[in-house]
Amino acid sequence: MAEAKTDKDSEHSGESTSEFSSLKELEQLLESGRSGCNHVDEVWPNLFLGDLVTAHNRFLLWKMGITHVLNAAHGKMFCQGGHDFYGTSIDYYGVPASDLPDFDMSKYFFPASEYIQKALSIPEAKILVHCAVGISRSASLVLAYLMIHHRLSLVKAIKRVKEHRWISPNRGFLKQLQNLDIQLRQTKNS
């Protein structure tokens with residue numbers, strides 16, 4: 001009981017709490033709030049999280065001002081994308097992730113975060129991060145970005161994204177994000 005109380009106390013004090021959050025608690029957090037989402041939502045300034053319907057609509061991307069696309073389902077069925085598809089007007093980065101709990105998404109956390117950060121450092125740039133549905137693979141990469149580059153805990157990153165979009169990273173990705181959170185906290189504290 002004391003550990004749960006400590007978690008609640010640290011949450012109210014503004015401290016990061018995700019190292020005390022169990023996988024079940026993270027899943028409950030993800031399940032709370034709205035359960036539907038749009039094809040695309042802006043979840044951070046100039047950072048959009050969406051699905052393949054949005055990613056495949058070049059006119060919509062042009063209208064939105066998207067300059068970069070990170071496809072978290074590169075090469076998977078219906079998520080082909082690539083430089084040939086977008087031409088020279090959109091910079092493209094593909095991550096060949098499978099939405100399976102045993103897929104090692106963690107090896108893409110830092111490269112994808114660097115790509116997002118580099119894109120957002122360009123004035124007027126906007127980036128779409130997508131996968132098939134825009135709730136698991138791409139959401140995991142966006143959460144990792146917020147943790148790595150904006151020093152948000154996993155819990156705070158989830159809450160921030162959920163203000164704008166319903167997400168549901170699979171259980172394996174959540175475990176990998178928990179490990180990233182611990183790793184980042186240890187680096188910060190050393």
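**Salt bridges, an annotated cysteine and the largest pocket**

Arg171 and Glu27 are joined by a salt bridge, in which the closest N and O atoms are 2.8 Å apart. Because Arg171 lies in helix H9 while Glu27 belongs to helix H2 (residues 23-31), this pair ties together parts that are 144 residues apart in sequence. Arg171 has a relative accessibility of 40% and therefore counts as partly exposed, since that category covers values between the buried limit of under 20% and the exposed limit of over 50%. The model examined here is a predicted one, and the structure holds four salt bridges, three of which are described in this passage.

A salt bridge is also formed by Asp41 and Arg165, with the closest N and O atoms 2.6 Å apart. Asp41 is placed in strand E1 (residues 40-44) and Arg165 in the loop between helix H8 (154-162) and H9, so that this pair ties together parts lying 124 residues apart in sequence. Asp41 is buried, its relative accessible area being 9%, and Arg165 is likewise buried, with a value of 0%.

In a further salt bridge, the side chains of Arg160 and Glu163 meet at 3.9 Å, taken from N to O. Arg160 is partly exposed, with a relative accessible area of 27%, whereas Glu163, for which the corresponding value is 54%, is exposed.

Turning to the annotated position, an unreviewed UniProt entry lists Cys131 under "active site". Cys131 is located in the loop between strand E5 (127-130) and H7. With a relative accessible area of 3%, Cys131 is buried, because the limit for that class is under 20%.

The largest pocket has a volume of about 320 Å³. Its lining is made up of 13 residues, and those that lie nearest the centre of the pocket are Arg151, Leu152, Leu184, Arg185 and Lys188. Helix H7 (137-150) and helix H9 (171-189) are the elements that give two or more residues to this lining, and H9 gives the most, with six residues. When the lining residues are sorted by class, five are charged, four are polar and four are nonpolar. Helix H9 thus appears in two parts of this description, as it contains Arg171, the partner of Glu27 in H2, and it also gives six residues to the lining of the largest pocket.

How values were computed:
Residues numbered from 1 in each chain as written. Predicted model: local features only at pLDDT ≥ 70, side-chain atom pairs only at ≥ 80, totals over all residues. Heavy atoms only, no water. 1 Å grid on protein atoms, 1.4 Å probe; cavity = no way out; pocket = protein on both sides within 12 Å on 5 of 7 lines; lining within 4 Å. Points joined across faces, edges and corners; volume = space filled by probe spheres on them. Helix = DSSP H or I, 4+ residues; strand = E, 2+ residues; numbered from the N terminus. Nonpolar A, V, L, I, M, F, W, Y, C, P; charged D, E, K, R; others polar. UniProt positions renumbered as here; feature names shortened; annotations may be inferred. Buried < 20%, exposed > 50% of the residue type's maximum accessible area, 1.4 Å probe, protein only.
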